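Let's take a friendly walk through this structure, one region at a time. Have the sequence and the 3D view ready as we go.

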Amino acid sequence: MSNETQATANYIGVDLSGTTLCAALVSGAGQVVERREMTLDRDNVAAQVARIAAELRDAAPHIASLGVGVPGLVNRETDRVIVSVDLPSVVRGDFHAEVERATGLKVELENAANAAAYGEYVAGAGRGSPNMFYVTIGSGIGGALIIDGKLWLGTSGFAGEFGHITIDPEGNECTCGNIGCLETYASAPNIVRRTHERLFRDGTSSLSRLSLNRDFTASDIAHEAMNGDDFALLMIERTGRYIGTAVAAVINLLNPERIVLGGGVMEAGDLILDPVIKEAGRRSFQPCFESTKIIAATLGASAVSVGAAMLARDAGHNGSAPA
Ligand SMILES: [Zn+2]
C-alpha cells in the first residue's frame, strides 16, 4: 500500500480479552476515531466481530483491514490460536478464515500482549523507541518485545512470556507447571491472594480498611493504597518489587531503550511504578539500567485494539479478503 493510501485509510482493531469485546476504528496514524465495548458473544464471535465492523464502517467507509488481539498464543505461520486460557473453544479451529469471511476484510490475528506492545510503540508510551519491552499486568502477566521497530516473536511466535520468569525457585506452583513464576506473585488474582494471606498473619493489618471487606479486588487494594492505607500500600510496594526483580532480568538481557508497563495493576500509578524502578535499579547491571527508561503505558484499555489495527495496517493488506 502506498503511504498516501495509508494516510487516508482507517483500520479496525478488535480486543477479545476475557469476557468483553472492545473494537476501535483507528486512523492510519493510530488515533482512535470511534470505540465500542460489549459483552463477548462466546458462541458467535466471528459474527459479532462482523456486526461491529459493519457499524464502524458506517462511521468511516474506507476500512483497509482488521486486526484481532486474542488472549492466547497465535501461530503466525498457520494463523491459528494454539493455547488460550480465557477463550478455550471460541477462537480455536479456523477462526482467522471465519472472521475474514464474515467481515470481507483481510485479518491479522495476534496475541493480545503483542498487539498492545505494538499499539504503545506506534501511538503510546513507546513512540520513537524502536527497541522496547512491553509488559501487561492484569489477570495474567504478558510481555512483548519490539526490536528495530518490529515485533520480535521468537522462533515459533511465543516470545515475551514475562509472567513466567522465575523470581522464587521455592515458590508456588504456576498454571504453566513451573514453580515461583512472577505471575504467581504479581497478577491481580495473586495480589488478592497474598493480601488475604497477610491479613491473617499481620497484626497491624487489622487497621487496614481491606479487613472490612472480604471480597476486595486488586483494584480495591490499589484504591486503598492511593487513599493512604498503610497495609494496602505495603502490598502494592511489595508487588512492585517482585515486578522490578523480573524487569532487572529483562534489562540485563536486552538493554532496551524503554520498558513500558501497562495493564490494570498499573492503575496504582507511581505507587507501584516507583518500587518497580527502585528494585530494577538495585538488581540490574548499572550501565544497562541507566540507559533504560521504565515508564507507564499511555493507551489504557485501548492498547490491544489500537495495536491490532496498526498490525493490520503494517501487514500491508489492501482491499478485501479472498472470497
Ligand atoms: Zn508460570
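A residue counts as buried under 20% relative accessible area, as exposed over 50%, and as partly exposed in between. Keep in mind that this is a predicted model. With these cut-offs, His164 is partly exposed, because its relative accessible area is 25%.

His164 is a good place to start, as its ND1 atom is one of the donors to the zinc ion. The other donors are the SG atoms of Cys174, Cys176 and Cys181, and the coordination distances run from 2.0 to 2.4 Å. Because the four donor atoms subtend angles of 104 to 120° around the zinc ion, the arrangement is tetrahedral. Along the chain, the donors follow the spacing H-x9-C-x1-C-x4-C. Both His164 and Cys181 lie in the loop between β10 (150-152) and α5 (183-186), so this pair ties together parts that are 17 residues apart in sequence.

How accessible are the cysteines of this site? Cys181 is buried, with a relative accessible area of 0%, and Cys174 also counts as buried, at 7%. Cys176, on the other hand, is partly exposed at 42%. As for sulfur-sulfur links, a disulfide is a covalent bond between the sulfur atoms of two cysteines. A search of the whole structure finds zero disulfides.

Now move along to helix α7, residues 218-226, where Ala218, Ile221, Ala222, Glu224 and Ala225 are buried. Looking down the axis of α7, you would see these buried residues fall within an arc of 165°, so they line one face of the helix. What do they pack against? The partners are α6 (188-201), α8 (230-254) and α9 (270-283). After α7 comes Gly228, with a positive phi near 90°.

Ile221 leads us from this helix into the wider interior. Beyond its neighbours within four places in sequence, Ile221 is in contact with Ile191, Val192, Thr195, Leu210, Phe216, Ala232, Met235 and Ile236. In the largest nonpolar core, which has 39 residues, Ile221 is among those that touch the most other members, together with Phe162, Val247 and Ile294. The elements giving two or more residues to this core are β8 (132-137), β9 (141-147), α6, α7, α8, β11 (258-262), α9 and α10 (286-290). Of these, α8 supplies the largest share, with nine residues. Apart from this core lies another, of 29 residues, including Tyr118, Tyr121, Val304 and Val306.

Methods. Residues numbered from 1 in each chain as written. Predicted model: local features only at pLDDT ≥ 70, side-chain atom pairs only at ≥ 80, totals over all residues. Heavy atoms only, no water. Disulfide = S-S within 2.5 Å. Buried < 20%, exposed > 50% of the residue type's maximum accessible area, 1.4 Å probe, protein only. Helix = DSSP H or I, 4+ residues; strand = E, 2+ residues; numbered from the N terminus. Arc of directions from axis to C-beta. Contact = heavy atoms within 4.5 Å. Donors = N, O, S within 2.8 Å, 3.2 Å for Na, K, Ca; no water. Tetrahedral: all angles 85-135°; square planar, octahedral: opposite > 155°, others 65-115°. Core = buried A, V, L, I, M, F, W, Y, C linked by side-chain atoms within 4.5 Å.
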